[in-house]
Amino acid sequence: MDAFLRYWKPSVILLLESELWPNLVVYASNYGIPLALLNARISEKSYSQWSIPIFLPLISLMLSKFSLIIPLGTMQAIRFQLLNAPPFIINFSGDMKYNIDECCKLKNTVKDMDELQSQLAGRKVWMAASLHRGEGKVIIEVQKKLMLVHPDVLTIIVPRYPLDVLEITKKCQEEGLNVAVRSCCGAILPYTSVYVVDTLGELQELYRLTQIAVIGGSFLPGLAGHNISEAAAASCAILTGHHVGHFSQMIMQMQQLDPLSVKQVSGILELEEEVRHLFSDSKALEARRAAGKHALDTLSSGVAESIWNQLEFHVFRHAFCQEAA
């Protein structure tokens, strides 16, 4: 780490969420490099571990080296203060994950999505994204039940890890479902009922192909949820499970603004019932889509500007004054 910092000579180091690396923090401080921790969070488990007397001096030393800590919320701020972070470096600005940027789209990607959109025309489509191992079985069971009511329904499955595609594809075939895999250039035919996406970097665009998005990493114990803001930005009706970890704060904030913005469900029966309800009630579907987008727009307003202002005041001006001197 020492050699890395001496070679690159960074003016500022910005760390995200829970990336507290003792060697990086201490060496950066020794070289007088200002540090900031953005979207800062510390889990209850990590907090308990750091609170042990043998580790508390280390975390206290690390946190004292930061010029700025922007926590995700009040509870996170309290935990950092209890671990002896100086109160004057803790400032609130909002969750960076609410800011969904319209990234530059490659022409090939736009063309591919347009082709997919045309293949999906006239069909009922729902999407299950960021699925962890074992959750594919839940989605497949829901899809089978939905097909009894809507024979033409199609689900887009996006595993969190592409290596899980084989397991999901095999399960679909065992259940008699016709499946197409994106990397194999599988076209969506009228009888295709499951479309498995095993490519990377397309999730934001894929959300625009569906009106209903199920966010995985949330249906089995031990999981901790995933970011729902991309689905909200695409005006999807958002469903997720109850095992959501620190994303519970994002869900709570959105639901406080509009209770229809995010719906949490438990297991196969509740998920199937909610998706079937949204397919059969267009007014309810549109209300949920609008609620999620409105909540996201409200919560993202001013976040980037606030974070930039905090960085400029607490970090950048000191760093660049030192360089000028």
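Sorted by class, the residues around the second largest pocket of this predicted model are 9 nonpolar, 5 polar and 4 charged. Together, 18 residues form this lining, and the pocket holds about 230 Å³ of space. Which residues lie nearest its centre? They are Arg123, Lys124, Val125, Thr210 and Gln211.

Several helices take part in the lining too. Two or more residues each come from helix H6 (107-120), helix H12 (267-280) and helix H13 (282-300). Of the elements, H13 gives the most to this pocket, with 3 residues.

Now let us step back to the whole chain. The protein chain has 14 helices and 10 strands, and its C-alpha trace spans about 70 × 40 × 35 Å along the principal axes. Of the 325 residues in the chain, 47% are buried.

A good place to start exploring the strands is S2, which covers residues 35-40. Is strand S2 mostly covered or mostly open? It is mostly covered, with 6 of its 6 residues buried. S2 pairs with strand S1 and also with strand S3, as the table shows.

| Strand paired with S2 | Sense | Bridges | A bridge pair or opposite pair |
|---|---|---|---|
| S1 (residues 13-16) | parallel | 4 bridges | Leu16 and Leu38 |
| S3 (residues 68-71) | parallel | 3 bridges | Ala36 and Leu68 |

On the S1 side, Leu38 in S2 is the bridge partner of Leu16. To get from S1 to S2, the chain passes through helix H2 (residues 22-30), and this β-α-β crossover is right-handed. On the S3 side, Ala36 stands opposite Leu68. As a general point, side chains in a regular strand alternate between the two faces of the sheet.

Finally, a look at the cysteines. How many disulfides does the structure hold? The count is 0. A disulfide is a covalent bond between the sulfur atoms of two cysteines. Why does Cys172 not form one? The closest cysteine sulfur to that of Cys172 is in Cys184, and because the two are 13 Å apart, they are too far for a bond. To count as a disulfide, the sulfur atoms would have to lie within 2.5 Å.

The surroundings of these two cysteines can be described as well. Cys172 has 0% relative accessibility, so it counts as buried. Cys184 has 59% relative accessibility, so it counts as exposed.

Key. Residues are numbered from 1 along each chain as its sequence is written. This is a predicted model: local features need pLDDT of at least 70, side-chain atom pairs count only at pLDDT 80 or more; totals for chains, interfaces and linings use all residues. Side-chain values use heavy atoms; hydrogens and water are left out. On a 1 Å grid over the protein atoms alone, a cavity is a set of points where a 1.4 Å probe fits but cannot get out, and a pocket is an open set with protein on both sides within 12 Å along at least five of seven lines; lining residues have an atom within 4 Å of a point. Grid points are joined across faces, edges and corners, and a volume is the space filled by probe spheres set on the points. Ala, Val, Leu, Ile, Met, Phe, Trp, Tyr, Cys and Pro count as nonpolar, Asp, Glu, Lys and Arg as charged, and the others, Gly among them, as polar. Buried means under 20% relative accessible area, exposed over 50%, partly exposed in between (1.4 Å probe, protein chains only). Two strands pair if DSSP finds at least two bridges between them. A crossover is right-handed if, with the strands pointing away from the viewer, the path from the first strand over the helix to the second runs clockwise.
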